[in-house]
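Thanks for coming. I will go through one structure today, starting with its charged pairs and ending with the overall fold.

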Amino acid sequence: KTISANREKLRTNIIYTKERLDALDYCVKFIHFPDKLAAAIEEKLLKYKKEGEQAAKISSTISGEFKNQEVFMENTVKGLEKELEANKKIRKESNRLVRNQNKLLIEGILKLREEIAELSAPTGILHAQKTGMKSTKLNRSSISSQENPAFHEDMTKKVEENRERMLALRKRIE
């Protein structure tokens with residue numbers, strides 16, 4: 001029963017739409033003749049104007065619901081904007097902390113590199129400058145010319161100490 005009633009409404013609406021489009025097509029033919037166009041509009045489209053005015057009167061319940069929906073959407077937008085602002089502050093603070101941590105790590109890495117450079121070249125210019133000693137370059141001929149056994153023991157001891165420091169630094173880096 002409802003299907004047949006809905007079919008009838010659909011047919012009525014299709015016929016109504018077709019009549020309205022035909023009337024509009026008829027009026028468009030007179031677009032270059034203003035007098036004939038005005039007469040055609042009065043003849044064909046005036047009856048649709050009255051129907052349009054009646055349809056334009058919206059019931060108070062529909063307009064009230066529209067206002068309620070509008071207020072709800074505005075409140076939702078305000079809430080989402082507040083949430084977005086809070087998230088921005090949290091991300092900003094988080095990024096600041098990460099930058100500070102990265103800065104500290106880079107400073108630590110630079111210090112460790114300096115220590116490694118000092119330990120790997122104890123007789124180099126950098127070591128001499130920091131310890132206030134004169135820089136002496138050692139090569140095989142100068143080491144082998146030193147026949148003093150105490151000198152060899154002292155150098156071996158220093159090499160072992162430096163090796164242990166380097167291992168400790170490597171462990172700190174890892």
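**Salt bridges, rings and fold**

There are 4 salt bridges in this structure, and please keep in mind that the model is a predicted one. I will take three of the bridges in turn, two in helix α1 and one in helix α7.

Start with E8 and R11, a salt bridge with 3.9 Å between the closest N and O atoms. How far apart are E8 and R11 in helix α1? They are 3 residues apart, so about one helical turn separates them. As for exposure, E8 is partly exposed, at 45% relative accessible area, and R11 is also partly exposed, at 49%.

Next, K18 bridges to D22, with the closest N and O atoms 3.8 Å apart. This pair is in helix α1 as well, with a spacing of 4 residues, about one turn of the helix. Is K18 buried or exposed? K18 counts as exposed, because its relative accessibility is 52% and the cut-off for exposed is over 50%. D22, at 42%, is partly exposed.

The bridge in helix α7, which covers residues 149-173, joins R163 and E160. Its closest N and O atoms are 2.8 Å apart. R163 and E160 are 3 residues apart, again about one turn of the helix. Both ends are partly exposed: R163 has 46% relative accessibility, and E160 has 35%.

Now back to helix α1, residues 2-28, where V28 is found. V28 belongs to a nonpolar surface patch with L21 and L24, and together the three have about 260 Å² of accessible area. V28 itself is partly exposed, with a relative accessible area of 48%.

On to the rings. The count is 1 aromatic pair. That pair is Y26 with F30, in an edge-to-face arrangement, with 5.3 Å between centres and 75° between planes. Y26 is partly exposed, at 28% relative accessible area. One further ring to look at is F33: the charged end of K36 sits over it, 5.4 Å from the ring centre.

Last, the whole protein. It has 7 helices and 0 strands, so the pattern along the sequence reads α-α-α-α-α-α-α. Of the 174 residues, 7% are buried. The exposed surface comes to about 15700 Å², of which carbon and sulfur atoms supply 58%. Among contacts with a separation of 6 or more, 37% are between residues 24 or more positions apart.

That is all I have; I am happy to take questions.

Technical notes. Residues numbered from 1 in each chain as written. Predicted model: local features only at pLDDT ≥ 70, side-chain atom pairs only at ≥ 80, totals over all residues. Heavy atoms only, no water. Phe/Tyr/Trp six-rings, centres within 6.5 Å; stacked < 30°, edge-to-face > 60°. Buried < 20%, exposed > 50% of the residue type's maximum accessible area, 1.4 Å probe, protein only. Lys NZ or Arg CZ within 6 Å of the ring centre and 35° of its normal. Contact = heavy atoms within 4.5 Å. Areas by Shrake-Rupley, 256 points an atom, 1.4 Å probe, with all protein chains shown as cover. Patch = residues over 30% accessible without salt bridge, like charges linked within 9 Å, V, L, I, M, F, W, Y side chains within 5 Å. Salt bridge = Lys/Arg side-chain N within 4 Å of Asp/Glu carboxyl O.
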